[in-house]
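Student: I'd love to talk this one through with you. Could we go question by question, starting with the sheets?

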Amino acid sequence: MNDGLPFQDGEQVLLIDQRGKRHLIFLRKSETFHSDRGWVPHDAVIGQPEGSWVRSSMGLRYVALRPTLAEYVLEMPRGAQVIYPKDLATICHFADVEPGHTIVEAGLGSGALTLTLLRAVGPTGQVVSYETREEFARRARRNIETRLGPDVPLTVRLQDVYAGLEETDVDGVILDLPEPWRLVDAAAGALRAGGVFCAYVPTLPQSQKTHEALAAHPAFALVDTFETLLRPWNIAGLSVRPAHRMVAHTGFLTFARRVQPRAGGGPAAAPTEGDEDQPEPA
């Protein structure tokens, strides 16, 4: 990233037209960007400050910006479906990911979650990612290196995570895979005391199995399942209303904290609204 500097040859840029359509391109001298609304020479962008406006050969205006991480993960090449920015932000916040942390994730997919975690843990942290599909790992690495460069604190394990986790005393275990309940016991062995377990799944039966497995495990407490909704609004003069289209349900998130095992079984789940005054289970 060259924040504050003019656009450079070889840099990635996001061109957004008047309609809001986005195009993620690499700037190359003497090359041309083509769309259904005309063409724009890359040389018209190179050397310009960020936020400059350029016109296509058909007169359509584009604003040129360096993509934010949220914009990048939505526009980058992908094989697997990426986790949306609204969920990425929620995961990092509720999993309490911060600089210096060690996080284990599975699977790697197209690298959207990995990118977010790497930025959160910083150069002093570490992200370990389990992925069984080598083609996904290659694509994710390309996406990560394009955004963050090759020197990132990432370890990729091309192995089946269901066979177990090699790490111990980690700060978080974050799972984006079909059967996270199968890894509850392994996560208990990998997490430090107080560490956070997080699972992201698309369906309610998956989240229910995960939630119940965590609630039954003596090493986990404060089990909580929810989803994040983001509703945009149209604001134009007297027309103030919710947008006709929104990204509604994307997935369910289940979080839990690693605690010292209690005698007599697993601790209760996190209290829900109206349950705060219920007695603690014996």
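**Sheets and strands**

Student: In which order do the seven strands of the open sheet lie?

Tutor: Two strands pair if DSSP finds at least two bridges between them; strands are DSSP runs of E with at least two residues, helices runs of H or I with at least four, both numbered from the N terminus. Here the pairing is mixed, and the seven strands form an open sheet in the order β9-β8-β7-β10-β11-β15-β12.

Student: Which strands are at the edges?

Tutor: An edge strand pairs on one side only. In this sheet that description fits β9 and β12 (220-226).

Student: How large is the average twist from one strand to the next?

Tutor: Axes are lines fitted to C-alpha atoms (for helices, over the stretch in contact), and angles between N-to-C directions run from 0 to 180 degrees. From one strand to the next, the twist averages 15°.

Student: Good. What kind of model is this?

Tutor: Residues are numbered from 1 along each chain as its sequence is written, and side-chain values use heavy atoms, without hydrogens or water. Local features need pLDDT of at least 70 and side-chain atom pairs pLDDT 80 or more, while totals for chains, interfaces and linings use all residues, as the model is predicted.

Student: Which residue of β9 stands opposite Y130?

Tutor: Strand β8 (residues 126-130) runs parallel to β9, and four bridges join them. Opposite Y130 in β9 stands R157.

Student: Which side chains of β9 are buried?

Tutor: In a regular strand the side chains alternate between the two faces of the sheet. Strand β9 (residues 154-157) shows this alternation, with T155 and R157 pointing to one face and not buried. Buried means under 20% relative accessible area, exposed over 50% and partly exposed in between, with a 1.4 Å probe and protein chains only. On the other face, the buried side chains are L154 and V156.

Student: And what is the bridge partner of L175 in β11?

Tutor: Strand β10 (residues 170-175) and strand β11 (residues 191-201) pair in the parallel sense over five bridges. In β11, L175 has as its bridge partner A199.

**Helices**

Student: At roughly what angle do the axes of α2 and α3 cross?

Tutor: Helix α2 covers residues 85-94 and helix α3 residues 112-121. Their axes come within 10 Å and cross at roughly 40°.

Student: What orientation does that make?

Tutor: Angles under 35 degrees count as roughly parallel, over 145 as roughly antiparallel, 65 to 115 as roughly perpendicular and the rest as oblique. Therefore α2 and α3 are oblique.

Student: Which residues of α3 make the contact with α2?

Tutor: Contact means heavy atoms within 4.5 Å. On the α2 side are L88, I91 and C92. The α3 side consists of A112, L113, T116, L117 and A120.

Student: To which strand does α2 run at about 10°?

Tutor: Helix α2 lies across β10, β11, β12 and β15 (252-258). The angle of about 10° is to β15.

**The other sheet**

Student: What is the order of the open sheet of four strands?

Tutor: Its pairing is antiparallel. The four strands have the order β2-β1-β6-β5.

Student: Last one: which residue of β6 stands opposite R55?

Tutor: β5 and strand β6 (residues 61-65) pair in the antiparallel sense over three bridges. Opposite R55 in β6 is R61.
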